[in-house]
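The following exercises concern charged side chains and the places they occupy. Each task is followed by a solution in steps.

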Amino acid sequence: MKPPELADAIVEVTETGSSLRANKLRIIETVLESNTQLIANIDSWKDAAKRRKLEDMRMLLEGAINALGKVGLMLNVEKANLAKVIAVLPALKKPTISTLSDDDWLAVNTILDESTVRLIIPRLKEAGAQGIVEYPLNKIVM
């Protein structure tokens, strides 16, 4: 359907609403809210091998759901500027900090809400971060 040329209103399955906004549409009413359910056959659940596969599937699906709306961010920073960068940087738990081949520099990796990354990257640059890379996430397994 190509609104508004071919329709006055549509029913859309949406998670973030980004496609609605891209087409200059707005939500006027929520028809249904849903959630993800993994349903297993009782006999399959009793079988240890099948149960293990189902539990693995659940974990991977949860990981994909956990990654929604999140991005990874990696950057380099001189050791002297690390405290300033960390002060700007929210993290899932704590950022991962690794040494680089130059002893004066560190690599920092973290996970952020996608909605905040546009605000944070300029602050990181001001704090001395360099080589900032934002990347999509497929799964976050807790």
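**Exercise 1.** In this predicted model, determine which residue forms a salt bridge with Lys 70.

*Solution.* Step one is to find the partner: Lys 70 is joined in a salt bridge to Asp 113, and their closest N and O atoms are 2.5 Å apart. Step two is to place both residues: Lys 70 belongs to strand β1 (residues 70-78) and Asp 113 to strand β3, so this pair ties together parts that are 43 residues apart in sequence. Step three is to apply the cut-offs for accessibility, where partly exposed lies between under 20% (buried) and over 50% (exposed). Lys 70 has a relative accessible area of 24% and is therefore partly exposed. Asp 113, at 36% relative accessibility, is also partly exposed.

**Exercise 2.** State how many salt bridges the rule yields, and describe the one between Glu 55 and Arg 51.

*Solution.* The rule asks for a side-chain nitrogen of Lys or Arg within 4 Å of a carboxyl oxygen of Asp or Glu. The count by this rule is four salt bridges. In one of them, the side chains of Glu 55 and Arg 51 meet at 3.4 Å, N to O. Both residues lie in helix α3 (residues 48-67), four residues apart, or about one turn of the helix. With a relative accessible area of 33%, Glu 55 is partly exposed; Arg 51 counts as partly exposed at 32%.

**Exercise 3.** Explain how Arg 58 and Glu 62 are placed in helix α3, and give the N to O distance of their salt bridge.

*Solution.* Begin with the sequence: Arg 58 and Glu 62 are four residues apart in helix α3, which means that about one helical turn separates them. Next, take the distance: their side chains form a salt bridge of 2.8 Å, N to O. Finally, consider the surface: Arg 58 is partly exposed at 38% relative accessibility, and Glu 62 is partly exposed with a relative accessible area of 40%.

**Exercise 4.** Identify the residues that gather in a patch of negative charge on the surface, and locate Asp 102.

*Solution.* The patch brings together Glu 78, Asp 102, Asp 103 and Asp 104. Asp 102 is found in the loop between β2 (96-99) and β3 (105-113). Membership requires over 30% relative accessible area and no salt bridge. Asp 102 has 38% relative accessibility and counts as partly exposed.

Terms used:
Residues numbered from 1 in each chain as written. Predicted model: local features only at pLDDT ≥ 70, side-chain atom pairs only at ≥ 80, totals over all residues. Heavy atoms only, no water. Patch = residues over 30% accessible without salt bridge, like charges linked within 9 Å, V, L, I, M, F, W, Y side chains within 5 Å. Areas by Shrake-Rupley, 256 points an atom, 1.4 Å probe, with all protein chains shown as cover. Lys, Arg positive; Asp, Glu negative; His and termini not counted. Charge placed at Lys NZ, Arg CZ, Asp CG, Glu CD. Helix = DSSP H or I, 4+ residues; strand = E, 2+ residues; numbered from the N terminus. Buried < 20%, exposed > 50% of the residue type's maximum accessible area, 1.4 Å probe, protein only.
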